[in-house]
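Hi,

Here is the structure I promised to pass on. Have a look at it first, and then read my notes below.

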Amino acid sequence: MKHIRHAARRALPLAVLLPAAALTAAGPSVASESGGAEPHEGAKPTVVLVHGAWADASGWSEVVRSLQAEGYPVIAPANPLRNLSDDSDYLAALLKTIKGPLVLVGHSYGGAVITNAAVGNPNVKSLVYIAGFAPDKGETALQLIAKHPGSHLTDDPMAPVPTALNAVPLGGGPSDVDLYIKPDKFRDVFLSNRLDAARANVLAASQRPANVATSYQPSKGAAWKTIPSWYLVTTDDRTIGTENLRFMAKRAGSTTVEVDAPHAVMETSPGDITDLVLKAAHGSHPRLARAGASPRLATTGASEQTAVLGGAAVLAVAGGTTLVVRSRRS
């Protein structure tokens, strides 16, 4: 595995989040701008940036700006954050509307979404994980977080809901619960105390919740087994845990970059993200070099990876449903 270390960079102010409907509608037209109705040979791929839990598409603003300056068509759609199956189907449907090659980039839970959405789509040439989940088939986010210590989502493994999270029942059933990071925990868990309190408070107030199903629903596929991947490991990750990121990057055979940054690396090191995405777009992957692939775009190829199942989950998020049921009975 190739490792490169970068120093963290300060983030520039974020742009306003574009409406999800406008982003989705822009898919086909944005993709076609670089190459017309039928992209010509050597046309740059469309980069699709998928955010994770407790964030939104505006977090990609600096990366979008930098990639567009390099001439790449970019889409940053809204991730529904409802459950892995539906969210992946949503993204897969969007990808089908885009002509030409694709580079998929997923942060955090967004990594699990691209891992599933890319399966069966021959236009997806590269996967880029930004401190993201890269599950194997049948694996859950909970299992991956539990593999190694490092996550600050809970300080009590027996708690029915991770102690850094607030559970909000939605009334659709005992498992229909949304999860938010508690405002007083957000700066530590998501940002590793790298940003000032004022900025952290803004991000905490505007976070998008993830439904509990995003944590315990198993992956239906593992696109990294057949599609070349790149991985940015954040070395001060207190959400998933740095060692868990390293495990997933190694298992996937990813070209790996390590950055001194928190889980929300878009806030501190957008330039490092852009650099890695550009490498993926140009196909500079050891597997491709061995196969004699074109340097312009990554091509799919077989991979001999060992599927390692996750251990017992210490973050019993699904157990939060018990808490909800009990509160209703009392």
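Pro228 sits in the loop that runs from helix H8 (213-216) to strand S9 (229-234). This is a predicted model, by the way. With a relative accessibility of 0%, Pro228 counts as buried, because the limit for that is under 20%. Thr255 is 27 residues away from Pro228 along the chain, and the two C-alpha atoms are separated by 8.6 Å.

Another loop residue I looked at is Ala131, which belongs to the loop between strand S5 (124-130) and helix H5 (141-145). Ala131 is buried too, at 0% relative accessible area. What does Ala131 touch, leaving aside neighbours within four places in sequence? The contacts are His107, Ser108, Tyr231, Leu232, Thr234, Asp237, Ile240, Leu245 and His263. Ala131 also lies 9.4 Å from Ala249, C-alpha to C-alpha, with their positions 118 residues apart in sequence.

Now for the chain as a whole. It has 13 helices and ten strands, and 54% of its 330 residues count as buried. Take the contacts between residues at least 6 apart in sequence: 75% of them join residues at least 24 apart.

Two backbone angles may catch your eye. Trp54 has a phi near 65°, which is positive although the residue is not a glycine. Trp54 is in the loop between strand S2 (46-50) and helix H2 (61-69), and it is buried, with a relative accessible area of 11%. The other is Leu81, a non-glycine residue with a positive phi near 60°. You will find Leu81 in the loop between strand S3 (74-75) and helix H3 (84-95). Is Leu81 buried or exposed? Its relative accessible area is 0%, so Leu81 is buried.

On to the helix pairs, starting with H3. The axes of H3 and helix H4 (residues 109-117) come within 8 Å of each other and cross at roughly 60°. That angle makes the two helices oblique, because the roughly perpendicular range only begins at 65 degrees. The crossing of H3 and H4 is right-handed. On the H3 side the residues that meet H4 are Leu84, Asp87, Ser88, Leu91, Ala92 and Leu95, and they face Tyr109, Ala112, Val113, Ile114, Asn116 and Ala117 in H4. By class, this contact has nine nonpolar, two polar and one charged residues.

H2 and helix H11 (residues 270-282) have axes that come within 9 Å and cross at roughly 45°, so H2 and H11 are oblique to each other. H2 passes H11 in a right-handed crossing. Here Glu62, Val63, Ser66 and Leu67 of H2 meet Pro270, Ile273, Thr274, Val277 and Leu278 of H11. The residues in this contact of H2 with H11 are six nonpolar, two polar and one charged.

How do helix H6 (residues 183-191) and helix H7 (residues 197-205) cross? Their axes come within 9 Å, at an angle of roughly 105°, and H6 and H7 are therefore roughly perpendicular to each other. Pro183, Phe186, Arg187 and Leu191 in H6 meet Ala197, Ala200, Leu203 and Ala204 in H7. That contact of H6 with H7 divides into seven nonpolar residues, no polar ones and one charged.

Last, the nonpolar cores. In soluble globular proteins, nonpolar side chains tend to be buried together. Which residues of the largest nonpolar core touch the most other members? Out of 60 residues, they are Leu91, Leu95, Leu104, Leu127 and Met248. Two of these names, Leu91 and Leu95, come up in H3 where it meets H4. As for Leu104, not counting residues up to four places away in sequence, it touches Val48, Leu95, Ile114, Ala118, Val124, Ser126, Leu127 and Val128. Apart from the largest core lies another one, of 27 residues, including Trp60, Val64, Val103 and Ile273. Ile273 is also one of the H11 residues in contact with H2.

Best wishes

Notes:
Residues numbered from 1 in each chain as written. Predicted model: local features only at pLDDT ≥ 70, side-chain atom pairs only at ≥ 80, totals over all residues. Heavy atoms only, no water. Helix = DSSP H or I, 4+ residues; strand = E, 2+ residues; numbered from the N terminus. Buried < 20%, exposed > 50% of the residue type's maximum accessible area, 1.4 Å probe, protein only. Axes fitted to C-alpha atoms, helices over the stretch in contact; angles between N-to-C directions. Parallel < 35°, antiparallel > 145°, perpendicular 65-115°, else oblique. Left-handed = near helix turned anticlockwise from the far one by under 90°. Contact = heavy atoms within 4.5 Å. Nonpolar A, V, L, I, M, F, W, Y, C, P; charged D, E, K, R; others polar. Core = buried A, V, L, I, M, F, W, Y, C linked by side-chain atoms within 4.5 Å.
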